[in-house]
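Student: I have a model open and want to test the terms used for it. Can we go through them one by one?

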Amino acid sequence: MKEVYQVPASQSLQGDVIISGAKNAVLPLMAATLLCRGTSIINNVPQLDDVDTMADVLRYLGAKVELQGSRLTIDTRECDGYQAPYHLVTKMRASIYVLGPLLARLGQASVALPGGCAWGPRPVDLHIAGMQALSAKVELSHGNIHAHAGRLKGADFTFPISSVGATVNLLLAAVLADGTTRLFNAAIEPEIDNLVDQLNAMGAQIFGKGSNTLVIEGVAELQAAEIDAIADRIEAGTYLIAAAITKGKLTVKQVQPSHLTALIDSLTATGALVYCEDDSITLDAQRRALKPISIKTGPYPLFATDLQPQWMTLCVSLAGVSQVTDTVYPERFQHVAELCRLGANIRVKGNTASIIGTPNLSGAPVKASDLRAGAALILAGLIATEHTDISDIHHLDRGYQNLIGKFANLGVTIHRHASHTTDCQTKTTPLLSLCG
Ligand code: EPZ
């Protein structure tokens, strides 16, 4: 049954948000448990559809997986499967993270090729080239990656472009390889550091954490360990931008401010007041005349592409002209047409969107094309007149925990309705309303 989020025009957001663990950290941490036979623990795990999907992939491979609150227990003692099937991989690209650990521990892996996504092709050629560099034989057939190797051999590998996912997979493969692997131009996202901490806690020998050059001394075996997932910097950024858009005052808690420097600098440049404590960030935009600021996304620590759609909504809400350029995903602009349905004035040319701010958006039915585009539409709905109905919200369930509850704590009542009709003619029957 299709569901919609009904977002009301809202006052300024006020209050605190407790930030959940990071989806993009937890998925690699879960895949890493395949490298040992034992019971691994991951703490601070959010309840999200993507976490459930990775759990299903691990169960398919023979693991026992249990989430109690935010504590995830993964028992891999019976894990002998080496195939990650199409029906699971198509639900979530990150399922490909099992390629490295299966190859490393079992000497073989068969993983369905993840297709493209809403904003175009997302190749995995670097994942494959990396496995081949570690002496794996890789064949693509019938939509699957089939990889074989005796024991992987350590080697040098240079990423021609920064890739989070390929860095994850190479790390997971190289820790059990014979000899030394050096990864050059590796991604340095905080989620990679979280994974390096976990692997070293399992007995791996990884050096160079936080730098673009990672050196991995392969070991014979790894043990199960316990690790805490870092906070979700993208979730935190989404709420901070929401506060700026609604001219509110908001504190995101249990977050690492150092993970969001590019965003904090850009928010400060708009004229918002932003101040940080050890594990919280407060944004105050009350009674402040903000101006739109152009941004260009890039690999960490540059402005995150996963905050680009939300930032575009902020620029739409402010009088003036600005530009948003995405260098990571040059075609990541599916949210533009939907924002224009609400009355925004945006032109896309190549990998740059030019925005003429139009603070008076009007509520309308719109559709989420992916996770972050969905977040941008929620934020737009907060400032559009009347209400905005957002469909295809399954995308949001993949990456935002308790979205309705967290907005309710900020004074906004978002309703989740069953939608009985498709697209624009939404006629809804209230299913669940958390407050009001
Ligand atoms: C991770 O995706 C995140 N996903 C994405 O977040 C995020 O947008 C992206 O990193 C960039 O920060 C997860 O962590 C699960 P990449 P990933 O490999 O690893 C090209 C969200 O909203 N490339 O760093 O798939 C690629 O096409 C999601 O939470 C190749 O060409 O991204 C892109 O242009 C969306 N060949 C660039 O590299 C490859 O083999 C960066 O992609 C791999 C990547």
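Tutor: Start with the ligand, and keep in mind that this model is predicted. The ligand has 22 residues around it; Asp125, Ser163, Val164, Asp306 and Val328 come nearest.

Student: What makes the approach of Asp125 to the ligand a polar contact?

Tutor: A polar side-chain atom of Asp125 lies 2.6 Å from a nitrogen atom of the ligand. The cut-off is a pair of N or O atoms within 3.5 Å, so the pair qualifies. Arg122 passes too: an N or O atom in its side chain is 2.9 Å from an oxygen atom of the ligand. Leu126 uses a polar backbone atom, 2.8 Å from a ligand oxygen. Overall, the protein buries 85% of the 830 Å² that the ligand exposes when taken alone.

Student: Which helix supplies the largest share of the shell around the ligand?

Tutor: H5, with three residues. Helices H1, H6 and H12, like H5, each supply at least two. By class, the shell divides into ten nonpolar, six polar and six charged residues.

Student: Now the strands. Why are S7 and S9 called paired?

Tutor: Pairing needs at least two bridges; S7 and S9 have five, so they pair, in the antiparallel sense. One bridge joins Val111 to Ile145 in S9.

Student: How do you know that S8 and S9 pair?

Tutor: By the same cut-off of at least two bridges: S8 and S9 have five, also antiparallel, and therefore pair. Glu139 stands opposite His146 in S9. In their hairpin, two residues lie between the strands, and His142 takes a positive phi near 50°.

Student: Which residues form the covered face of S9?

Tutor: Ile145 and Ala147. Asn144, His146 and His148 form the uncovered face.

How values were computed:
Residues numbered from 1 in each chain as written. Predicted model: local features only at pLDDT ≥ 70, side-chain atom pairs only at ≥ 80, totals over all residues. Heavy atoms only, no water. Buried < 20%, exposed > 50% of the residue type's maximum accessible area, 1.4 Å probe, protein only. Helix = DSSP H or I, 4+ residues; strand = E, 2+ residues; numbered from the N terminus. Near = heavy atom within 4 Å. Polar contact = N/O pair within 3.5 Å; in protein donor to acceptor, adjacent residues only side chain to side chain. Areas by Shrake-Rupley, 256 points an atom, 1.4 Å probe, with all protein chains shown as cover. Nonpolar A, V, L, I, M, F, W, Y, C, P; charged D, E, K, R; others polar.
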